[in-house]
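Hi everyone, thanks for coming. I'd like to walk you through one structure this morning, so please have the view open in front of you.

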Amino acid sequence: PLPLDIAALEHGKPALRGGEAFISLSHSGTYAAAAVCDEEIGLDIQRNMPLNSALARRFFAPDEQEHIARAEDGALAFTEIWCRKESYIKALGTGLATPLASFSVIGMPDIWHCALGGYQLAVCVLGRTDIAPDVIEKIELLC
């Protein structure tokens with residue numbers, strides 16, 4: 001029922017009071033994204049960024065750094081990994097309390113990812129390998 005009663009958990013993750021559904025929110029550039037699920041979920045959207053090798057060395061696991069180095073488009077690979085990592089820590093509910101270099105998203109089966117016109121979108125539901133959104137809908141704001 002509306003209005004929604006949204007609370008913030010320990011590390012700032014939004015939650016619906018009552019626990020019937022779980023939500024995750026993200027924004028980047030001119031887009032915002034929301035995901036709703038009957039299980040804990042993490043969502044991230046990122047505008048494609050230039051490759052930042054210093055950030056990759058600091059925050060990415062060695063195999064993620066290798067993946068970027070081998071990629072045809074290093075900037076795209078960098079943004080995709082960043083987006084996947086954010087969705088994972090949001091699903092955990094820990095946010096940046098979990099060091100980004102302490103895990104790798106390469107081959108992680110519980111993250112769904114797609115590219116959307118200059119943006120990367122990732123959704124993570126821990127322990128689920130069959131993740132796929134039921135609906136992806138673009139809503140034009142009139143303001």
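**A helix, two cores and some salt bridges**

Let's start with Asp44, which is buried, its relative accessible area being 2%. Keep in mind that this is a predicted model. So what does the side chain of Asp44 meet in a salt bridge? The partner is Lys90, at 3.5 Å from N to O. Here is what I like about that pair: Lys90 sits in helix α3 and Asp44 in strand β5, 46 residues apart, and the two link distant parts of the chain.

That brings us to α3 itself. The helix runs over residues 74-92, 19 residues in total. From first C-alpha to last, α3 reaches 27 Å, close to the 27 Å expected at 1.5 Å a residue. Now look at the ends. At the N-terminal end, Asp73 acts as a cap, with a side-chain oxygen 3.2 Å from the backbone nitrogen of Ala75. Just past the other end, Gly93 adopts a positive phi of about 85°.

Is α3 mostly covered or mostly open? Mostly covered: 14 of its 19 residues are buried. In soluble globular proteins, nonpolar side chains tend to be buried together. With that in mind, let's turn to the cores.

The largest nonpolar core has 18 residues, and those touching the most other members are Phe60, Ile68, Tyr88, Phe103 and Ile111. Both α3 and β7 (119-124) supply at least two residues each, and α3 gives the most, with eight. Try clicking on Phe60: setting aside neighbours within four places in sequence, its contacts include Ile68, Phe78, Ile81 and Trp82. There is also a second, separate core of 13 residues, with Ala35, Ile45, Cys114 and Tyr119 among them.

Back to charges, then. Side chains of opposite charge can pair when their charged atoms come close. How many salt bridges does the model have? The count comes to six. One of them joins Glu39 to Arg128, with the closest N and O atoms 2.4 Å apart. This pair, too, links distant parts of the chain: Glu39 lies in the loop between β4 (31-37) and β5 (42-47), while Arg128 is in the segment after β7, 89 residues apart.

Arg128 also forms a salt bridge with Asp130, at 2.8 Å between the closest N and O atoms. Together, Glu39, Arg128 and Asp130 make a network of salt bridges. As for exposure, Glu39 is partly exposed at 29% relative accessible area, Arg128 is partly exposed at 26%, and Asp130 is exposed at 51%.

Technical notes
Residues numbered from 1 in each chain as written. Predicted model: local features only at pLDDT ≥ 70, side-chain atom pairs only at ≥ 80, totals over all residues. Heavy atoms only, no water. Helix = DSSP H or I, 4+ residues; strand = E, 2+ residues; numbered from the N terminus. Expected span 1.5 Å × (residues − 1). Buried < 20%, exposed > 50% of the residue type's maximum accessible area, 1.4 Å probe, protein only. Polar contact = N/O pair within 3.5 Å; in protein donor to acceptor, adjacent residues only side chain to side chain. Core = buried A, V, L, I, M, F, W, Y, C linked by side-chain atoms within 4.5 Å. Contact = heavy atoms within 4.5 Å. Salt bridge = Lys/Arg side-chain N within 4 Å of Asp/Glu carboxyl O.
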